[in-house]
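Q: Hey, got a few minutes to walk through a model with me? I'd like to start with the charged side chains and then wander a bit.

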Amino acid sequence: MAEAAALVAESLAGYRARAARAVLEQVVLPGEELLLPGQEDGEGPGSAGERPLRLNAGARSGGRVVCGPGLRRCGDRLLVTKCGRLRHKEPGSGNGGGVYWVDSQQKRYVPVKGDHVIGIVTAKSGDIFKVDVGGSEPASLSYLSFEGATKRNRPNVQVGDLIYGQFVVANKDMEPEMVCIDSCGRANGMGVIGQDGLLFKVTLGLIRRLLAPDCEILQEVGKLYPLEIVFGMNGRIWVKAKTIQQTLILANILEACEHMTADQRKQIFSRLAES
Amino acid sequence: MQRGLDSETKKQLEEEEKKIISEERWYLDLPELKEKESFIIEEQSFLLCEDLLYGRMSFRGFNPEVEKLMLQMNAKNKAEEVEEETVELDVSDEEMARRYETLVGTIGKKFAKKRDRANYEEDENGDIKPIKTKKMFLKPQD
């Protein structure tokens, strides 16, 4: 971290923005400005005084760049708003300049449209359910947003049930709304989560790590015994296994995974496989 | 007798009317700003950034429906091949009983007439119990 602090001090003192490409996979701090690939030309050490804005030359070469979580648009540059590692993804189909985002760590969830989350039904008022998703406000869920629900055929949802759904409306100005149905009208696994099992909370970064395509933790966990897991992007995980003891072991493993190295994890798994 | 106006004078009158109207309209006396086509889009969602797997998972046949879903949803994201282990599990008796208890109530309610639906409403707090006996006409014995 001392290295990062020195870099930041240098860049803040000189008010020089760094090129995003040069900072990939490094720690960035809030307040830093990053230049996109098309704009690095005029930012050499010589031009300390006037820096003309170049809109046309740099823009077209990169195409549309998406700035993801942790970054904001500031004129033509990216402004960092969260501390973490800067990541980049090349565009798959070739349209646009790729995605930049900051891989940060936090426990507090902020509702985002399109996220699949686990919510707890807290109230039932008229036609809507109030669902607690861990954000600043409870989300609203209409009783018609379940598969096969009509006005006469209401879904069987009680207060205290767990719901797996996705957000359709989630911004800072409005109350978040979620549904348990996709755009075609099918449930796709969303809806009320069944009986038993255990719900616990972890950090948001761990969820994303566990849901990555090449996650070793899940592959090892899946070999232990039959189980079912539901991951919510709001930091909540629901697990269920055949016995209570197995469920608790699973919950403890997933919570501890955050702070374990790969070796420690393998040790624990081998011990479990023996017993 | 009022004569009709000539076409030319008509046109002139129209033009003058348009002039008056357009002068009355307000407009900003600024030079035209070039529209900056912003090529940076802001997105707060992690779905675009990282290819995340589907959130519901089941291992070793614990929940066959979820395993089917996993294959379906992850196939959309071009996941690797998943080994097909179809382990047949019996649904436990308790679960069957529980499901049927509520199912009979909800389906029965759908076909019940309006008066009979009142019998279901009473048991809204717990599970929906089936319908009570209907009130039939009792013929007097005399």
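A: Happy to! Let's fix one term before we start: a salt bridge here is a side-chain nitrogen of Lys or Arg within 4 Å of a carboxyl oxygen of Asp or Glu. Please keep in mind that this is a predicted model.

Q: Good. Which residues are linked in a network of salt bridges?
A: Glu25(A), Arg87(A), Asp103(A), Arg208(A) and Glu50(B) are the members of that network.

Q: What's the general idea behind such pairing?
A: Side chains can pair if they carry opposite charges and their charged atoms come close.

Q: Let's stay with Glu25(A) for a second. Where does it lie?
A: Glu25(A) sits in a loop of chain A, with strand S1 (18-19) on one side and strand S2 (27-28) on the other. The backbone there is worth a look too: Glu25(A) is not a glycine, yet its phi is positive, at about 65°.

Q: And is Glu25(A) buried, exposed or partly exposed?
A: Glu25(A) counts as partly exposed, because its relative accessibility is 41%.

Q: Which other residue has a positive phi without being glycine?
A: Asn188(A) is one, with phi near 55°. Asn188(A) belongs to the loop between strand S13 (177-179) and strand S14 (191-192) of chain A. Its relative accessible area is 14%, so Asn188(A) is buried.

Q: Back to salt bridges. How many are there over all chains?
A: The structure holds 13 of them over all chains.

Q: Give me one between Glu32(A) and an arginine. Which arginine is it?
A: Arg18(A) is the partner, and the N to O distance is 2.7 Å. This pair links distant parts of the chain, 14 residues apart: Glu32(A) is in the loop between S2 and strand S3 (33-35), while Arg18(A) is in strand S1.

Q: Are those two buried or exposed?
A: Both Glu32(A) and Arg18(A) are buried.

Q: OK, what does Asp127(A) pair with?
A: Asp127(A) and Arg154(A) meet through their side chains in a salt bridge, at 4.0 Å from N to O. Asp127(A) is in the loop between S9 and strand S10 (128-132) and Arg154(A) is in the loop between strand S11 (139-142) and strand S12 (162-169), so the salt bridge ties together parts that are 27 residues apart in sequence.

Q: How accessible is Asp127(A)? And Arg154(A)?
A: Asp127(A) is partly exposed at 44% relative accessibility. Arg154(A) is also partly exposed, with a relative accessible area of 43%.

Q: And which residue forms a salt bridge with Asp132(A)?
A: That would be Arg236(A), with the closest N and O atoms 3.1 Å apart. Here the pair joins distant parts of the chain, 104 residues apart: Asp132(A) is in strand S10 and Arg236(A) in strand S17 (residues 236-241).

Q: Why do Asp132(A) and Arg236(A) count as they do for burial?
A: Asp132(A) counts as partly exposed because its relative accessibility is 28%. Arg236(A) counts as buried because its relative accessibility is 9%.

Q: Switching topic: which residues does Ser104(A) contact, sequence neighbours within four places aside?
A: Ser104(A) is in contact with Lys82(A), Cys83(A), Gly84(A) and Arg208(A). Arg208(A) is also a member of the salt-bridge network that we began with. Ser104(A) itself is in the loop between strand S8 (99-103) and strand S9 (116-125), and it is buried, with a relative accessible area of 10%.

Q: Zoom out for me. How many helices and strands does chain A have?
A: Chain A has six helices and 17 strands. Of its 275 residues, 45% are buried. Looking at contacts in chain A between residues at least 6 apart in sequence, 61% join residues at least 24 apart.

Q: How much area does chain A expose?
A: About 14200 Å², with carbon and sulfur atoms supplying 53% of it.

Q: And chain B, which residues make its nonpolar surface patch?
A: Val91(B), Met96(B), Tyr100(B), Leu103(B), Val104(B), Ile107(B) and Phe111(B) make a patch of about 690 Å². Met96(B) is in helix H3 (residues 93-111) and is partly exposed at 39% relative accessible area.

Q: Last one: which residues form the patch of negative charge?
A: Glu14(B), Glu15(B), Glu16(B) and Glu17(B) gather there on the surface. Glu14(B) is in helix H1 (residues 7-24) of chain B, and its relative accessible area of 47% makes it partly exposed.

Notes. Residues numbered from 1 in each chain as written. Chains lettered and ligands numbered in written order. Predicted model: local features only at pLDDT ≥ 70, side-chain atom pairs only at ≥ 80, totals over all residues. Heavy atoms only, no water. Patch = residues over 30% accessible without salt bridge, like charges linked within 9 Å, V, L, I, M, F, W, Y side chains within 5 Å. Areas by Shrake-Rupley, 256 points an atom, 1.4 Å probe, with all protein chains shown as cover. Helix = DSSP H or I, 4+ residues; strand = E, 2+ residues; numbered from the N terminus. Buried < 20%, exposed > 50% of the residue type's maximum accessible area, 1.4 Å probe, protein only. Lys, Arg positive; Asp, Glu negative; His and termini not counted. Charge placed at Lys NZ, Arg CZ, Asp CG, Glu CD. Contact = heavy atoms within 4.5 Å.
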